Amino acid sequence: MHSLHVCIITGQPLANLIPLLQERPETICLVHSDDMHEAAQAFSHTLEQAGFSPSQILVRGALPTHPYDEIRLFAMGLRDDLGELYPDARLTWHATGGTKMMALAFWDVLYRDRDRVIYTETRDGVIEELIPESGAKQLESVLTPELYLDALGKLKRRADSDREQWCESAVARKQATRFLAENAEALGGLIQLFNRSLDADAGQLQHLRIERAGGQWRSALTLLIEAGVLDGGEDGQYHTVRSDSARYLTGGWLEEYVWYIATQQGLDFVQSGLKFGDRAHRKEGQDNEIDTFIMHRNRLLLVECKSGYLGRDARKDGDIIYKLDSIGLHAGGTQATKLLIAAQPLQHETKAGRKVDTRARATATGIYTLECAGLKKLGESLRYWRDQGRWQGIDS
């Protein structure tokens with residue numbers, strides 16, 4: 001029996017794409033309204049990127065948006081046309097796409113004893129079968145970062161963690177990295193000293209003075225020397241060793257920490273420093289970058305890292321939150337989880353007595369936060385997200 005899937009094109013394509021990748025039907029019929037013509041063309045492109053041939057993809061428009069009777073007549077005519085083209089086909093309709101009125105109309109014209117209706121719940125990771133018999137099956141991990149981005153009209157350029165040298169450096173520094181992260185609360189002053197004293201964009205070696213470094217500061221500096229990031233120590237004089245040492249000390253260590261811990265959790269994809277652009281503009285220009293791009297079972301976690309204090313510059317704080325919110329929408333879709341990881345407390349009081357609550361600002365835009373003392377629990381939180389599909393303890 002010929003397998004034929006019918007999808008109504010919607011602004012959120014993943015719920016249509018994932019079951020198509022999992023079930024690999026012989027023919028796919030994409031149905032679109034007038035305002036979804038370009039989205040249908042884009043979805044066809046994604047299907048071809050996923051290995052479907054153009055001959056397997058039918059595009060049918062223009063689906064009315066109202067009234068109900070016209071939508072029903074369109075659905076009835078489509079059902080008849082497909083029956084003539086593929087008389088031996090079993091039609092599977094994706095009930096996830098389209099408006100509620102479209103769903104009711106298509107439901108009304110299906111053959112209950114022959115056709116099949118599925119509904120994809122990406123958050124819970126299941127495909128629900130509604131007719132001919134109710135049931136559910138688990139979604140398989142079928143999306144790659146490249147396909148995920150392509151489905152949303154984006155094009156992956158590259159990721160820092162795609163480079164073997166970057167990964168080797170991150171692993172070589174892991175002891176120093178973990179110590180900085182897992183003791184971020186006690187090392188807050190040292191982390192701030194790095195941020196104030198070093199220029200992350202300057203490739204040349206740089207100097208800094210650290211007096212009276214004892215306790216955990218001393219342990220951190222020793223590990224940084226052993227990792228080949230810093231050298232010196234006599235009379236409190238230190239200097240960077242590598243061309244990327246300054247970038248590492250001014251925040252790169254936090255990105256490496258997230259990448260390293262995430263790679264230990266059995267996740268499908270973990271990419272650090274991922275850069276992407278719009279698919280419509282293939283030449284590199286004003287690309288976007290996300291610190292960490294994590295995927296598991298077709299779900300996406302976008303992570304932005306900040307090692308310095310937030311709250312000293314309201315405009316910059318707003319830019320960070322706006323960037324993560326915007327990237328989450330355009331490169332993650334409505335179901336991506338957005339996470340801000342900060343080495344310093346997001347709730348604090350400045351020297352001038354002004355109270356800062358960046359946590360509340362982030363939460364107001366649907367961004368979760370993990371900060372300071374909570375960094376040592378990152379692995380636990382990632383495992384919860386991996387298994388449950390939602391961020392631990394905050395998701396509503």
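Visitor: How do the residues of the lining of the largest cavity divide into nonpolar, polar and charged?
Guide: The model is predicted: local features need pLDDT of at least 70, side-chain atom pairs count only at pLDDT 80 or more, and totals for chains, interfaces and linings use all residues. Residues are numbered from 1 along each chain as its sequence is written, and side-chain values use heavy atoms, with hydrogens and water left out. Ala, Val, Leu, Ile, Met, Phe, Trp, Tyr, Cys and Pro count as nonpolar, Asp, Glu, Lys and Arg as charged, and the others, Gly among them, as polar. By that scheme the lining of the largest cavity divides into nine nonpolar, no polar and one charged.

Visitor: What is the volume of the largest cavity?
Guide: On a 1 Å grid over the protein atoms alone, a cavity is a set of points where a 1.4 Å probe fits but cannot get out, while a pocket is an open set with protein on both sides within 12 Å along at least five of seven lines; lining residues have an atom within 4 Å of a point. Grid points are joined across faces, edges and corners, and a volume is the space filled by probe spheres set on the points. The structure holds one cavity of 30 Å³ or more. For the largest cavity, the volume is about 60 Å³.

Visitor: Which element supplies the largest share of the lining of the largest cavity?
Guide: Among the lining residues are Val6, Arg79, Trp93 and Phe106. Helices (H or I, at least four residues) and strands (E, at least two) are DSSP runs, numbered from the N terminus. At least two lining residues come from each of α3 (68-85), β4 (89-94) and α4 (100-109). The largest share, four residues, is that of α3.

Visitor: Which element gives the most to the lining of the second largest pocket?
Guide: About 440 Å³ of space lies in this pocket. Of its 14 lining residues, Asp291, Glu304, Cys305, Lys306 and Ile320 are the closest to its centre. Two or more lining residues are given by each of α10 (245-263), β13 (288-296), β14 (299-306) and α11 (314-332). The most, four residues, come from α10.

Visitor: How many residues of the lining of the second largest pocket are charged?
Guide: Asp291, Glu304 and Lys306 are among the residues closest to the centre of the pocket. Two of the lining residues are nonpolar and four are polar, and the number of charged ones is eight.

Visitor: Which strands stand at the edges of the open sheet of six strands?
Guide: Two strands pair if DSSP finds at least two bridges between them. The order is β8-β12-β13-β14-β15-β18, with mixed pairing. Each edge strand has a single partner strand, so one side of each is left without a neighbour in the sheet; these are β8 (154-159) and β18 (367-371).

Visitor: Which residue in β12 is the bridge partner of Lys154?
Guide: Strand β12 (residues 269-278) pairs with β8 in the antiparallel sense over five bridges. In β12, the partner of Lys154 is Asp278.

Visitor: Which residue in β11 stands opposite Asp231?
Guide: Another open sheet has three strands in the order β9-β11-β10, with antiparallel pairing. β10 and strand β11 (residues 237-240) are joined by three bridges. Opposite Asp231, in β11, stands His239.

Visitor: Are α1 and α2 roughly parallel or roughly antiparallel to each other?
Guide: Axes are lines fitted to C-alpha atoms, for helices over the stretch in contact, and angles run from 0 to 180 degrees between N-to-C directions. Helix α1 (residues 14-23) and helix α2 (residues 37-49) pack with axes 11 Å apart, at an angle of about 30°. Angles under 35 degrees count as roughly parallel, over 145 as roughly antiparallel, 65 to 115 as roughly perpendicular and the rest as oblique. The two helices, α1 and α2, are therefore roughly parallel.

Visitor: What is omega of the cis peptide bond that joins His66 and Pro67?
Guide: Most residues other than glycine have a negative phi, and most peptide bonds are trans. Pro67 lies in the loop between β3 and α3. The bond from His66 to Pro67 is cis, and its omega is about -10°.

Visitor: What is phi of Arg24?
Guide: Arg24 sits in the loop between α1 and β2 (27-31). Its phi is positive, in a residue other than glycine, and is near 50°.
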